[in-house]
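Dear colleague,

I am handing over the structure that we spoke about, and I would be glad if you could look through it alongside the notes below.

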Amino acid sequence: MIEFIRKSGQKDIILFVHGFTGGKETWKHPTAGYFYDQLANNQYVHENFDVAQFEYYTKLLDLFPAINSIRQTITSLFKSILPKSEKNISVEEISNLLRSRIRFDLSEYHNIIVIAHSMGGLITKSCILRDLSEGKISKIRLFISLAVPHLGADLATYGKLLSNTRQIADLAPLSELCPQLNDEWV
């Protein structure tokens, strides 16, 4: 889901993509406030960019994914706006979701600058690589990755002891995903 922080009809946009178990709070400093608000204080950014964030479901413990999915489907029948999926899905699936949101929600933008944290960087990298592998020109013109586990995250090894979600498996140092993305990226 794309949530606009500031939409003023600019041609370019800065898109924030959080990481594993993150969300809007990823971009908040305890005393300085949200990073994107600080960024918008820059006159050039304010005059040339809209700002948004890409939200997706991510939890360490996903105890009842099937029940949550059924509940969400039933609830969505009575709402006009679909909420983000309440099920941990793989990095590749989230990447496909991001590609769709860029295609439909951000179609009017010429250039997208992505600032991604942690697993959000893997999602964005996968998104760019998928566009290129299909012979498309990616709208993502600049990709800034912050603390992205390009080689996997050692903590995911311990996380597997607590939970067996697909996202933790993708983040593990010996997963297939990280080396594959890195090989394609090179």
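The notes that follow go from the interior to the charged pairs and then to the surface.

Please keep in mind throughout that this is a predicted model.

The largest nonpolar core holds 33 residues, and those that touch the most other members are Leu15, Phe54, Leu106, Ile112, Val114 and Ile140. Two or more residues each are given to this core by the strands β2 (12-17), β5 (49-54), β6 (111-117) and β7, and likewise by the helices α4 (91-105), α5 (119-133), α7 and α8 (177-185). Helix α5 supplies the largest share, namely six residues.

As for the cysteines, cysteine 127 is buried at a relative accessible area of 1%, and cysteine 178 also counts as buried, with 1% relative accessibility. The count of disulfides in the model comes to zero.

The count of salt bridges comes to eight. One of them is formed by the side chains of arginine 130 and glutamate 92, with an N to O distance of 2.9 Å; since arginine 130 lies in helix α5 and glutamate 92 in helix α4, this pair ties together parts that are 38 residues apart in sequence. Both ends count as partly exposed, arginine 130 at 25% relative accessibility and glutamate 92 at 22%.

Another salt bridge joins arginine 99 to aspartate 131, whose closest N and O atoms are 2.9 Å apart. Here arginine 99 belongs to helix α4 and aspartate 131 to helix α5, so the pair ties together parts 32 residues apart in sequence. Arginine 99 and aspartate 131 are both buried.

Within helix α7, arginine 166 and aspartate 170 are four residues apart, and therefore separated by about one helical turn; they form a salt bridge in which the closest N and O atoms are 3.2 Å apart. Arginine 166 is partly exposed, at 48% relative accessibility, whereas aspartate 170 is buried, at 5%. Elsewhere, salt bridges that share partners join Arg99, Asp131, Glu134 and Lys136 into one network.

Threonine 165 sits in the loop between α6 (154-162) and α7 (166-171), and at 7% relative accessibility this threonine counts as buried. A polar atom of the side chain of threonine 165 lies 3.3 Å from the backbone nitrogen of isoleucine 168.

Finally, on the surface, Leu142, Ile144 and Leu146 make a nonpolar patch of about 220 Å². Isoleucine 144 is placed in strand β7 (residues 140-146) and counts as partly exposed, with 34% relative accessibility.

With best regards

Technical notes. Residues are numbered from 1 along each chain as its sequence is written. This is a predicted model: local features need pLDDT of at least 70, side-chain atom pairs count only at pLDDT 80 or more; totals for chains, interfaces and linings use all residues. Side-chain values use heavy atoms; hydrogens and water are left out. Patches are made of residues with over 30% relative accessible area and no salt bridge: like charges are joined within 9 Å, nonpolar side chains (Val, Leu, Ile, Met, Phe, Trp, Tyr) within 5 Å. Accessible areas come from the Shrake-Rupley method with a 1.4 Å probe; for residues, only the protein chains shown count as cover. A salt bridge is a side-chain nitrogen of Lys or Arg within 4 Å of a carboxyl oxygen of Asp or Glu. Buried means under 20% relative accessible area, exposed over 50%, partly exposed in between (1.4 Å probe, protein chains only). A polar contact is a pair of N or O atoms within 3.5 Å; within protein, one must be able to donate a hydrogen and the other to accept it, and residues adjacent in sequence count only if both atoms are side-chain atoms. A disulfide is a pair of cysteine sulfur atoms within 2.5 Å. A nonpolar core is a set of buried Ala, Val, Leu, Ile, Met, Phe, Trp, Tyr and Cys residues joined through side-chain atoms within 4.5 Å.
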